[in-house]
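Notebook open, viewer open. Today I want to look at one helix and what it packs against.

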Amino acid sequence: MFDLITEFYSRDLGNLNVFGWFTVTFTAGKLIGFTGMAMFTGRWLVQVVASKKSNRPVIPKAFWYMSISGSLLLLSYFIFGKNDSVGILSNLFPLCVASYNLYLEMTHRKSLVPKEENSG
């Protein structure tokens with residue numbers, strides 16, 4: 001199974017010449033890695049927009065979802081595409097932290113919802 005996944009990750013998707021200086025070879029794994037990197041980086045844009053809207057520092061729930069999604073995509077890239085222990089460890093910790101913070105956010109919001117009283 002692992003070999004089948006790593007074979008998919010190494011599938012060549014073509015080349016891109018960047019400003020005539022160098023060529024980037026795209027693989028399915030790199031596409032997944034770039035998507036994870038964009039999500040993990042883009043979460044800060046979401047945070048800035050939410051803070052600007054509120055006129056105070058805010059970390060919206062979307063920030064944590066993007067952190068988890070980006071970490072999972074980057075983890076899969078480093079596990080199946082690169083087989084790189086540094087990349088795996090550097091993305092595993094943020095995944096755990098983001099998951100825990102999302103859990104706290106969800107349980108905090110639940111505690112703010114008033115419970116319905118039985119009137120009957």
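Before I list any neighbours: I count two residues as in contact when they have heavy atoms within 4.5 Å. I also keep in mind that this is a predicted model.

Entry 1, the helix. I looked up α4 and got residues 85–112, 28 residues in total. From first C-alpha to last it reaches 41 Å, close to the 40 Å expected at 1.5 Å a residue. At its start I found a side-chain oxygen of D84 within 3.1 Å of the backbone nitrogen of V86.

Entry 2, the buried side. Which residues of α4 are buried? I get G87, N91, L95, A98, L102 and E105. An α-helix has 3.6 residues a turn, so residues three or four places apart point the same way. I then checked the partner, and the buried residues of α4 pack against α3 (61–82).

Entry 3, L102. I picked this α4 residue next. Why does L102 count as buried? Its relative accessibility is 8%, and the cut-off for buried is under 20%, so it qualifies. Leaving aside neighbours within four places in sequence, I see L102 in contact with K61, W64, Y65 and I68. Its C-alpha is 9.8 Å from that of S67, 35 residues apart along the chain.

Entry 4, L95. With the same sequence neighbours left out, L95 is in contact with I68, S71, L72 and L75. I note that I68 is listed for L102 as well.

Entry 5, the core. The largest nonpolar core has seven residues: F63, W64, I68, L75, L95, A98 and L102. The elements giving it two or more residues are α3 and α4, and α3 supplies the largest share, four residues.

How values were computed. Residues are numbered from 1 along each chain as its sequence is written. This is a predicted model: local features need pLDDT of at least 70, side-chain atom pairs count only at pLDDT 80 or more; totals for chains, interfaces and linings use all residues. Side-chain values use heavy atoms; hydrogens and water are left out. The expected span of a helix is 1.5 Å times one less than its number of residues. Buried means under 20% relative accessible area, exposed over 50%, partly exposed in between (1.4 Å probe, protein chains only). A polar contact is a pair of N or O atoms within 3.5 Å; within protein, one must be able to donate a hydrogen and the other to accept it, and residues adjacent in sequence count only if both atoms are side-chain atoms. A nonpolar core is a set of buried Ala, Val, Leu, Ile, Met, Phe, Trp, Tyr and Cys residues joined through side-chain atoms within 4.5 Å.
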